[in-house]
Amino acid sequence: HADIAMYRAKKLGRNNFQFYTPAMNEESLERVRIESALRNAVERDEFVLYYQPQIDIKSGKIVGMEALIRWQHPELGMVPPGRFISIAEETGMIVAIGAWVLRTACAQNKAWQDAGFDRLRVAVNLSARQFGASDLIENLATVLRDTGLEPKYLEIELTESLFMSDITPAVDLLHRMKALGVNLSIDDFGTGYSSLSYLSRFPIDVLKIDRSFVADITRDANDEAIVTSIIALAHNLKLAVIAEGVETGEQLDYLRRHGCDEMQGYYFSKPLPAHEFEQLMVEGRGLHPEQTMAPEDAS
Ligand code: C2E
Ligand code: MG
Ligand code: MG
Ligand code: MG
């Protein structure tokens with residue numbers, strides 16, 4: 001237990017001492033285990049990317065995908081991002097992991113384009129730690145050059161937390177990212193620090209409505225109001241809007257009727273390993289025509 005106590009002491013700062021309870025012990029142990037396993041995960045090739053399709057609601061066609069990391073550890077099994085991304089962020093390991101994600105996603109998308117599939121966008125999540133790294137722009141430019149992916153087929157997903165502190169360097173960085181030709185989106189929109197002033201100052205292309213709002217749109221009047229307001233806000237600012245976490249036909253129908261541009265969610269598909277995503281493209285799968293139309297339009 002000495003290492004756990006030391007680990008906690010280190011986290012709390014030199015002059016802090018804390019007794020641990022069995023519950024804390026359990027949690028710290030898991031953290032320590034994940035943290036040490038993470039150190040070798042990139043070299044050991046334990047990460048894979050899954051791809052979740054993004055559908056244009058009007059045409060019903062796949063127009064993009066979000067790359068989502070999965071960690072297959074020999075003993076811990078499949079570790080979901082919810083269990084390791086925050087640890088990777090706190091320890092700084094997310095910078096190396098994120099660089100791997102970016103390169104892999106761009107290379108995969110370029111390979112699909114070269115194989116003759118319709119050209120799709122790939123969205124990659126960027127953590128605050130990567131956003132703060134001094135070589136972000138250079139790294140992005142290098143990956144685009146090395147993989148040959150045209151920048152317009154890359155979208156970088158940012159979260160509102162990036163904009164909480166000092167806004168001026170963030171504006172500058174975003175402009176430098178845009179200058180490379182990539183698209184920028186705000187992930188989990190509405191759950192963070194949503195300052196309306198940054199939306200007009202930042203060169204953003206897309207708002208992603210958080211799935212917590214989408215979940216209850218057909219049942220909760222407040223969530224309905226939030227979702228329709230986000231759609232209107234996006235369109236008034238000339239941004240595209242995509243709904244995350246669409247699980248039912250009713251939700252899709254609601255979003256379609258309210259002019260939401262794109263959807264992503266289990267209703268169409270879960271995130272898929274590359275070969276399964278490829279299968280979707282081979283089959284030319286999209287939404288069925290009746291899924292892109294509300295009942296009242298059909299008459
Ligand atoms: P996110 O970027 O908001 O990604 C969407 C999450 O919602 C994914 O969870 C996805 O599997 C899940 N999802 C999609 N459709 C549905 C649905 O219809 N219903 C439900 N219940 N869930 C749905 P996942 O893959 O577990 O990722 C969780 C979070 O981990 C991501 O949220 C993102 O914040 C982070 N993450 C994942 N991959 C990366 C990465 O490569 N880099 C960084 N920095 N963060 C990542
Ligand atoms: Mg995302
Ligand atoms: Mg999200
Ligand atoms: Mg998220």
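Colleague: In which sense do S2 and strand S3 pair, and over how many bridges?

Modeller: In this predicted model, S2 and strand S3, the latter covering residues 77-79, pair in the antiparallel sense, and three bridges hold that pairing. One of the facing pairs is histidine 73 opposite glycine 77 in S3.

Colleague: And how many residues sit between S2 and S3 in their hairpin?

Modeller: Three residues lie between S2 and S3 in that hairpin.

Colleague: What about S1, how does that one pair with S2?

Modeller: Strand S1, residues 47-56, pairs with S2 in the antiparallel sense over nine bridges, and within this pairing proline 53 has methionine 65 of S2 as its bridge partner. S1 and S2 also form a hairpin, with five residues between them, and in the turn glycine 60 has a positive phi of about 75 degrees.

Colleague: Does S2 run parallel or antiparallel to S4?

Modeller: S2 and strand S4, residues 121-125, run parallel and are joined by four bridges, with alanine 67 standing opposite valine 124 in S4.

Colleague: Why would you call S2 largely enclosed?

Modeller: Of the 12 residues in strand S2, which spans residues 62-73, 10 are buried, so the strand is largely enclosed by the rest of the structure.

Colleague: Switching to the metals, what coordinates the magnesium ion that is ligand 3?

Modeller: Asp187 and Asp188 each coordinate the magnesium ion (ligand 3) through OD, and Glu244 is listed twice through OE, with distances of 2.0 to 2.3 Å. Along the chain, the donors of this ion follow the spacing D-D-x55-E.

Colleague: Which parts of the chain does that bring together?

Modeller: Aspartate 187 lies in strand S6 (residues 183-189), while glutamate 244 is in the loop between strand S8 (240-243) and helix H11 (249-257), so the pair ties together parts that are 57 residues apart in sequence.

Colleague: Are aspartate 187 and glutamate 244 buried or exposed?

Modeller: Aspartate 187 is buried, with a relative accessible area of 6%, and glutamate 244 also counts as buried, at 10% relative accessibility.

Colleague: How far apart are the magnesium ions, ligand 3 and ligand 2, and which residue coordinates both?

Modeller: The magnesium ion (ligand 3) and the magnesium ion (ligand 2) are 4.1 Å apart, and aspartate 187 coordinates both of them.

Colleague: Last thing, what confidence does the predictor give the complex and the protein chain?

Modeller: For the complex, the predictor gives an ipTM of 0.98 and a pTM of 0.90. The protein chain averages a pLDDT of 89, with 87% of the residues scoring at least 70. Where pLDDT is low, the predicted coordinates should not be read in detail.

Conventions: Residues are numbered from 1 along each chain as its sequence is written. Chains are lettered from A and ligands numbered from 1 in the order in which they are written. This is a predicted model: local features need pLDDT of at least 70, side-chain atom pairs count only at pLDDT 80 or more; totals for chains, interfaces and linings use all residues. Side-chain values use heavy atoms; hydrogens and water are left out. Buried means under 20% relative accessible area, exposed over 50%, partly exposed in between (1.4 Å probe, protein chains only). Helices (H or I, at least four residues) and strands (E, at least two) are DSSP runs, numbered from the N terminus. Two strands pair if DSSP finds at least two bridges between them. pLDDT is the predictor's confidence in each residue, from 0 to 100. Donors are N, O and S atoms within 2.8 Å of the metal (3.2 Å for Na, K and Ca); water is not among the atoms, so sites may look incomplete.
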